[in-house]
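The following exercises concern burial, empty space and charge pairing in a single protein chain. Each task is followed by a solution worked in steps.

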Amino acid sequence: MRMEIFTGLNTRFGGLCLSFLLAIVMACVFSTVAMAQDAPATQPLPSESVQVQADAATPVEIDTEATATPSFDRGDVAWMLTATLLVLMMVVPGLALFYGGLVRAKNVLSVLSQVLVVFSLVLMLWAAYGYSAVFSAGNAFFGSFTEFAFLKGFTPDSVGSTPIAGLPDFLFVAFQSTFAGITTALIVGAFAERIKFRAVLLFSALWFTLGYIPMAHIVWGGGYLGEMGAIDFAGGTVVHINAGVAGLVAAWFVGKRLGYGHVALKPHNLPLTWIGAMLLWVGWFGFNAGSAAAADTVASLAFINTVLATAAAVLGWTLVEAVTKGHPSALGAASGAVAGLVGVTPACGTVGPLGAIVIGFVTGMVCVWGVTGLKRLLKADDTADVFGVHGVGGIVGALLTGVFSAQSLGGTRVDLDIGHQLWVQAVSVGFTVLWSAVVTSVILLLVRALVGLRVSEEAELTGLDVTTHGESAYEV
């Protein structure tokens with residue numbers, strides 16, 4: 001006879017969540033105590049005089065330049081606050097609505113919940129150790145998990161302790177947290193409609209730690225690919241190829257949905273998906289132009305490139321559909337917009353407008369094949385085509401970045417050896433694909449052994465909204 005304590009799944013999962021939250025709280029307490037012990041006994045207020053007196057008669061002036069707080073540009077700060085909010089909008093509601101419309105009506109709330117909760121979980125982990133492991137000194141693959149744990153050493157007034165010296169430290173941390181959150185949340189679309197909620201959370205925590213953190217450090221934190229000279233302005237490898245490959249591997253591991261290939265598993269609400277795609281486009285300006293970390297000419301270049309590449313990709317995808325299928329679709333145009341955004345992400349800060357148009361148009365056309373022919377070849381039930389759009393689009397964009405970043409083709413890199421840079425970009429793509437595939441496979445094996453991956457057939461047939469969350473999106 002099974003013990004009563006093991007008969008209630010909700011009780012076990014609730015206890016696990018409570019333990020996790022308690023661990024975070026305790027870690028925060030211990031971190032705060034340690035910071036307090038390390039802090040000086042007193043700190044001068046900004047309004048206090050910069051004079052001290054050696055004695056009553058002889059005043060001694062302290063060098064005000066030595067004690068001045070590092071300065072920042074208010075315009076840059078205003079733009080980066082806005083950019084951070086734009087990236088937040090990309091995830092909730094943008095990505096959530098995009099995915100929510102693509103699934104069947106009985107699973108829409110489960111997808112919305114997974115995107116929101118995964119994003120929130122990653123934000124907590126980013127503050128706990130993610131920022132530290134990405135942007136602190138370390139080896140070629142990881143930084144220190146403890147140097148800036150729980151943002152240790154940062155204060156509301158601190159400026160210049162991050163790689164971007166001209167921004168308040170907390171602002172840079174917040175901006176980068178949204179990149180970590182959306183990358184992990186992107187994977188949700190690949191295994192939607194048949195995975196256990198607790199498996200999603202455990203997978204996301206582990207993948208953020210072993211999949212996102214090392215790639216971000218390798219490219220942006222002074223690691224291997226960054227030192228090699230790979231160009232990835234806003235996340236072609238770190239975000240899109242990384243998440244796309246993880247989504248493909250996860251779709252294989254979780255398996256196909258019941259009825260896949262035998263009955264039509266149609267999106268339940270294409271207007272919802274269309275709205276989500278347009279929110280992604282608007283939010284992506286924070287993603288791309290915000291990666292300049294200043295309100296300057298580089299941000300302006302990334303901005304215009306994001307406009308042009310996306311429009312070109314919409315036309316490219318629509319053209320291919322019109323020729324091959326005989327009719328362009330609204331879903332195709334929306335998917336083309338996302339594909340163009342993905343393709344221009346690594347290139348937006350280094351290519352010119354012509355390069356952005358070519359990258360967008362080519363990416364839009366290639367991604368049509370990615371979600372049709374290639375998907376059939378790979379035999380993967382990638383529900384929201386995470387690999388077909390983000391993986392394939394990220395690969396195309398990363399490679400073409402090595403071509404159109406050359407000044408001779410309108411880019412910003414003077415005397416760029418296109419052949420050599422193309423090789424470097426290819427190495428970065430291959431490394432990302434291999435890293436993500438191996439790490440994701442290991443994590444999924446572990447998650448499957450600990451909590452299992454897939455819901456029961458009965459739960460899948462009923463729908464995850466009811467069986468997992470106890471609610472329904474629509475009244476029957």
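**Exercise 1. Burial of two helix residues**

Task: In this predicted model, determine in which helix valine 200 lies and whether valine 200 is buried or exposed.

Solution. Step 1: valine 200 belongs to helix H6, residues 197–220. Step 2: the relative accessible area of valine 200 is 0%. Buried means under 20%, so valine 200 is buried. Step 3: the C-alpha atom of valine 200 is separated by 7.5 Å from that of glutamine 114, 86 residues apart along the chain.

Proline 271, found in helix H9, can be treated likewise. Its relative accessible area is 54%, and exposed means over 50%, so proline 271 is exposed. The C-alpha atoms of proline 271 and leucine 331 are separated by 8.8 Å, with their positions 60 residues apart along the chain.

**Exercise 2. A surface patch**

Task: State which residues form a nonpolar patch with Ile304, and classify isoleucine 304 by accessibility.

Solution. Step 1: the patch consists of Phe303, Ile304 and Val307, which together have about 210 Å² of accessible area. Step 2: isoleucine 304 is placed in helix H10, residues 297–325. Step 3: its relative accessibility is 35%, and therefore isoleucine 304 counts as partly exposed.

**Exercise 3. Pocket and cavities**

Task: Describe the largest pocket and the two cavities of 30 Å³ or more by volume and lining.

Solution. Step 1: the largest pocket holds about 780 Å³ of space. Its lining has 29 residues, and those nearest its centre are Pro267, Leu331, Val371, Lys375 and Asp385. Helices H3, H10, H11, H13 and H14 each give two or more residues to this lining; the largest share, four residues, is that of H11. By type, the lining divides into 15 nonpolar, seven polar and seven charged residues.

Step 2: the largest cavity holds about 70 Å³. Among its lining residues are Met90, Phe98, Trp284 and His390. H3, H5, H8 and H9 each supply at least two lining residues. Ten residues of this lining are nonpolar, two are polar and none is charged.

Step 3: the second largest cavity holds about 60 Å³. Its lining includes Val371, Lys375 and Asp385, residues also named at the pocket centre. H13 and H14 each supply at least two residues here, and the lining has five nonpolar, two polar and three charged residues.

**Exercise 4. Salt bridges**

Task: Given seven salt bridges in total, examine the pairs formed by glutamate 193, arginine 257 and glutamate 460.

Solution. Step 1: glutamate 193 meets arginine 104 at 3.1 Å, N to O. This pair links the loop between H5 and H6 with the loop between H3 and H4, 89 residues apart. Glutamate 193, at 1% relative accessible area, is buried, and arginine 104, at 17%, also counts as buried.

Step 2: arginine 257 meets aspartate 381 at 2.9 Å, N to O. Here the loop between H8 and H9 is linked with the loop between H13 and H14, 124 residues apart. Arginine 257 counts as buried at 7% relative accessibility, as does aspartate 381 at 0%.

Step 3: Arg104, Glu193, Arg194, Arg257 and Asp381 are linked in a network of salt bridges.

Step 4: glutamate 460 pairs with arginine 454, their closest N and O atoms being 3.0 Å apart. Glutamate 460 counts as buried at 2% relative accessibility, whereas arginine 454, at 24%, counts as partly exposed.

Notes:
Residues are numbered from 1 along each chain as its sequence is written. This is a predicted model: local features need pLDDT of at least 70, side-chain atom pairs count only at pLDDT 80 or more; totals for chains, interfaces and linings use all residues. Side-chain values use heavy atoms; hydrogens and water are left out. Patches are made of residues with over 30% relative accessible area and no salt bridge: like charges are joined within 9 Å, nonpolar side chains (Val, Leu, Ile, Met, Phe, Trp, Tyr) within 5 Å. Accessible areas come from the Shrake-Rupley method with a 1.4 Å probe; for residues, only the protein chains shown count as cover. A salt bridge is a side-chain nitrogen of Lys or Arg within 4 Å of a carboxyl oxygen of Asp or Glu. Buried means under 20% relative accessible area, exposed over 50%, partly exposed in between (1.4 Å probe, protein chains only). On a 1 Å grid over the protein atoms alone, a cavity is a set of points where a 1.4 Å probe fits but cannot get out, and a pocket is an open set with protein on both sides within 12 Å along at least five of seven lines; lining residues have an atom within 4 Å of a point. Grid points are joined across faces, edges and corners, and a volume is the space filled by probe spheres set on the points. Ala, Val, Leu, Ile, Met, Phe, Trp, Tyr, Cys and Pro count as nonpolar, Asp, Glu, Lys and Arg as charged, and the others, Gly among them, as polar.
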